Amino acid sequence: MNLITTVLAFLLALGPLIIFHELGHYTVARLCGVKVLRFSVGMGKVVWSRRFGPDQTEWAVSALPLGGYVKMLDARDPDAKAIDPADLGREFTGQNVWRRIAIVAAGPLANFLLAILIFAGLSMAGTLEPSTRLRATADNSAAYQAGLRGGEKVVAVNGNPVAGWTELRWEIMQAIVDKGDARLDVAQPQGGQFVAVVPASKLAGLNVDSDVLTALGLDMARPKPVIQQVMAGGPGERAGLKSGDLIAAIDGRPMADGIDVIEAVRASAGRPLALAVVRSSAPLAEPSVARPDVARPIVVRPEFDAARKAWVIKIATSMAPEQVTVSAGPLESVEKAVRKTWDTSVLSIKMIGRMITGEVSLKNVTGPITIADYAGQTARLGPAVFLGFIAFVSISLGVMNLLPIPVLDGGLLLYYSVEVLTGRPLPERIGAFAQRAGVGLLVMLMALAVFNDVARLL
């Protein structure tokens with residue numbers, strides 16, 4: 001079932017992005033008066049097609065689903081028939097250089113526009129996500145050394161406001177790529193604010209594809225460890241634990257949340273644990289002020305779970321972090337969407353630059369298998385997460401197509417830029433050589449991406 005979900009999510013994510021990209025080329029080509037012969041979703045052999053429209057454009061689906069193209073009337077096409085004199089003015093290469101630039105650039109720009117529309121729509125609709133309230137952290141972590149002790153709420157990073165956990169992670173990633181400090185404006189639980197600085201030296205070497213917040217000691221605050229469920233026949237039930245009990249301490253050590261309980265049980269190695277439990281018939285909305293009727297600790301002997309390879313007492317505690325709805329009005333949403341699309345594009349370009357210089361591992365190059373995996377994961381997390389993933393892939397597609405590699409849109413834009421500067425087109429001999437080199441480079445990049453994908457799976 002997961003495989004089916006992954007495949008469907010991959011097709012649902014990539015298909016519209018390809019269509020939107022090619023529609024950008026198609027729309028601007030039509031506005032510039034260029035005749036479009038074929039609009040294909042997919043590459044290679046055409047498996048289905050229909051002709052319609054004033055120019056009887058062929059709308060096709062081709063065998064290879066990774067990509068698409070818009071075929072325009074082009075005098076350079078060796079397979080083209082003699083051009084009707086009436087269509088000479090609608091031939092692509094006969095257009096002035098600025099029109100050709102507009103047609104080629106329209107594809108990547110369409111991908112950026114789609115990302116802006118998705119981000120703005122999600123912002124206006126509002127998304128529920130974990131707040132930026134922090135959990136207590138280990139004293140050897142970068143977060144602790146910056147002065148964070150738990151319970152604080154991060155309100156901005158390097159001057160940029162953050163309302164939810166996703167925005168916090170994004171701003172930390174920006175600081176990592178920019179090789180600067182991360183200055184966190186923090187609201188204290190008892191009131192007042194201070195600035196916690198995570199220096200660039202602590203950010204250096206972190207992989208932006210990994211869980212950078214956890215690596216720095218930043219984790220979401222969780223509620224107090226109130227038992228939600230006691231599994232039948234388990235150590236917790238045998239010891240007398242009940243749903244609604246608050247585990248205040250284990251062996252005298254205070255338990256801040258369910259993670260503390262899990263860690264204490266797993267570290268027990270099977271020895272009996274003394275649980276200080278608060279129990280009351282009163283509502284458990286405020287268990288810290290409930291009336292306890294348990295005067296002595298409850299002793300629980302953990303058992304080993306072979307499937308999990310860990311010691312357990314077979315209870316479930318409340319673990320969901322504090323949630324906030326992150327939303328904005330139409331104008332603010334569009335502004336945030338444009339800024340997020342721009343920042344993501346710049347971040348992608350910086351990462352490519354750091355890979356070229358060797359500062360970032362080439363293992364970060366991912367291919368269709370990884371994209372499909374992420375598509376499946378995000379689809380299972382809900383529509384909002386999946387749409388956000390599509391927006392990021394759309395930006396990546398736009399950035400990739402703007403790279404100055406022959407056969408990509410960016411390569412064509414490079415040719416036309418030379419034409420603008422010199423006043424004449426690039427010689428066909430140079431263009432043909434660059435095309436072959438570009439194809440070779442793309443093949444190597446795709447091979448590297450697939451190799452990395454397979455290595456991740458193994």
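Here a colleague quizzes a modeller about a predicted model of one protein.

Colleague: Let's start with the overall build: what radius of gyration does the protein have?

Modeller: The C-alpha atoms fill a box of roughly 100 × 45 × 40 Å along the principal axes. A compact globule of 458 residues would come in near 23 Å. The protein doesn't match that, since its radius of gyration is 28 Å.

Colleague: And what share of its residues count as buried?

Modeller: The protein exposes about 24500 Å², with carbon and sulfur atoms supplying 63% of that. Buried here means under 20% relative accessible area. Of the 458 residues, the buried share is 43%.

Colleague: Which element gives the most to the largest nonpolar core?

Modeller: That core has 34 residues, and L148, V154, I172, L184 and L218 have the most contacts inside it. The elements giving two or more residues are α3 (142-145), β4 (153-157), α4 (165-178), β6 (182-187), β7 (193-198), α6 (212-216) and α9. With eight residues, the top contributor is α4.

Colleague: Take I172 then. Which residues does I172 contact, leaving aside neighbours within four places in sequence?

Modeller: I172 is one of the residues with the most contacts inside the core. In general, nonpolar side chains in soluble globular proteins tend to be buried together. With those sequence neighbours set aside, the contacts of I172 are V157, A182, L184, V212, L213 and L216.

Colleague: On to helices. How far apart are the end C-alpha atoms of α12?

Modeller: Helix α12 covers residues 409-422, which makes 14 residues. At 1.5 Å a residue, the helix should span 20 Å. The model agrees, because the end C-alpha atoms are indeed 20 Å apart.

Colleague: What covers the buried residues of α12?

Modeller: The residues in question are D409, G410, G411, L413, Y415, Y416 and E419, which are buried. Just past the helix, G423 takes a positive phi of about 85 degrees. The cover over the buried residues includes α1 (2-31), α2 (97-125), α11 (383-401) and α13 (428-457).

Colleague: How about α11, what covers its buried residues?

Modeller: α11 has 19 residues and reaches 27 Å end to end by C-alpha, close to the 27 Å expected. Its buried residues include F386, F389, I390, V393 and L397. Their cover includes α1, α2, α9 (330-356), α10 (368-381) and α12.

Colleague: Now salt bridges. How many residues apart in sequence are the parts tied together by D245 and R279?

Modeller: The side chains of D245 and R279 meet in a salt bridge at 2.7 Å, N to O. D245 sits in the loop between α7 (235-239) and β9 (246-250), while R279 sits in the loop between β11 (273-278) and β12 (298-300), so the pair ties together parts that are 34 residues apart.

Colleague: Are D245 and R279 buried or exposed?

Modeller: They form a salt bridge with each other. By the cut-off of under 20% relative accessible area, both D245 and R279 are buried.

Colleague: And in the D219 and R222 pair, is D219 buried or partly exposed?

Modeller: D219 and R222 meet in a salt bridge at 2.9 Å, N to O. The relative accessible area of D219 is 24%, and buried would need under 20%. Therefore D219 counts as partly exposed.

Colleague: Last one: how many salt bridges does the count come to?

Modeller: Another pair is E303 with K314, at 3.3 Å, N to O. E303 lies in strand β13 and K314 in the loop between β14 and β15, so that pair ties together parts 11 residues apart in sequence. The count comes to 16 salt bridges.

Notes:
Residues are numbered from 1 along each chain as its sequence is written. This is a predicted model: local features need pLDDT of at least 70, side-chain atom pairs count only at pLDDT 80 or more; totals for chains, interfaces and linings use all residues. Side-chain values use heavy atoms; hydrogens and water are left out. A salt bridge is a side-chain nitrogen of Lys or Arg within 4 Å of a carboxyl oxygen of Asp or Glu. Buried means under 20% relative accessible area, exposed over 50%, partly exposed in between (1.4 Å probe, protein chains only). Helices (H or I, at least four residues) and strands (E, at least two) are DSSP runs, numbered from the N terminus. The expected span of a helix is 1.5 Å times one less than its number of residues. Contact means heavy atoms within 4.5 Å. A nonpolar core is a set of buried Ala, Val, Leu, Ile, Met, Phe, Trp, Tyr and Cys residues joined through side-chain atoms within 4.5 Å. The radius of gyration is taken over C-alpha atoms; the globule rule is 2.2 Å times the number of residues to the power 0.38. Accessible areas come from the Shrake-Rupley method with a 1.4 Å probe; for residues, only the protein chains shown count as cover.
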